[in-house]
Amino acid sequence: MHIFYTPDITQNTYTLNEEESKHCVRVLRLPVGALVNLVDGRGGFYTAEITSDNPKKVSLNILKVETEFHKRNHYLHIAVAPTKNIDRIEWFLEKATELGIDEITPIITDRSERRIVKEDRLNKVITSAVKQSIKAYHPLLNESIPFNKFLNSSIEGEKLIAHCIDNQEKKYISELVMPHQKYLVLIGPEGDFTPEEVNLALNKGFKPLTLGDNRLRTETAALSVCFEINYLNR
């Protein structure tokens, strides 16, 4: 069944916006009476019937509502330095959404090669992945923020930082986290965090994390964290 993202749904009827209406009628060719699914990004999963196939404003009648649809038993927030090639961070967002992630914050570090992020474009990637993987929860994408400022913001849960500096003792995720908690993991840029940034994070209560002996790209490291934390909370 086809699925649409409808974050502003509040009533027993709903009208798709012009873009989604056109896709519904002209591309998918769905007629009056066809059933579709809707997700609101807050855990609501809806079954609806098309009552009008106007290509500019498709009308729907809500038949069934499920709340907290596939709600996960933990909360994962990854703060990651955007990659120079934006396609790579888009790939991470797509795959992380499919696997399960709750919040993403682009952080601008001393060695960041990309310092400007277009959140609208990245949110479209996330929304597309939400629909493709049938997720009722839409991950929150925060505005980009300087690393030092982010560390001074209000932070809850288990706090981890993955880095490649060799002269520090680091542990694996499985040794650092308890299941069913909130987690925040910092992932640095292509050139890694600076020693000063690592020390600043450690002084803020972050625990040093290793992802193994292989040296990973930024987006691969972030996705590895996403996969392992979800696996530990299965």
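The following exchange concerns a predicted model and looks at one alanine, the nonpolar cores and a pair of helices.

Residues are numbered from 1 along each chain as its sequence is written, and side-chain values use heavy atoms, with hydrogens and water left out. Because the model is predicted, local features need pLDDT of at least 70 and side-chain atom pairs count only at pLDDT 80 or more, whereas totals for chains, interfaces and linings use all residues.

Trainee: Is alanine 81 buried or exposed?

Mentor: Alanine 81 is found in the loop between strand 6 (75–80) and helix 2 (86–99), where helices (H or I, at least four residues) and strands (E, at least two) are DSSP runs numbered from the N terminus. Buried means under 20% relative accessible area, exposed over 50%, and partly exposed in between, with a 1.4 Å probe and protein chains only. Since its relative accessibility is 0%, alanine 81 counts as buried.

Trainee: Which element gives the largest share of the largest nonpolar core?

Mentor: A nonpolar core is a set of buried Ala, Val, Leu, Ile, Met, Phe, Trp, Tyr and Cys residues joined through side-chain atoms within 4.5 Å. The largest one has 36 residues, of which Ile78, Phe92 and Ile187 touch the most other members. Elements giving two or more residues include strand 6, helix 2 and strand 11 (182–187). The largest share, six residues, comes from helix 7.

Trainee: What is the handedness of the crossing of helix 2 and helix 3?

Mentor: The axes, lines fitted to C-alpha atoms over the stretch in contact (heavy atoms within 4.5 Å), come within 8 Å and cross at roughly 30°, with angles running from 0 to 180 degrees between N-to-C directions. A crossing is left-handed if the near helix is turned anticlockwise from the far one by less than a right angle, and right-handed if clockwise. The crossing of helix 2 and helix 3 is right-handed.
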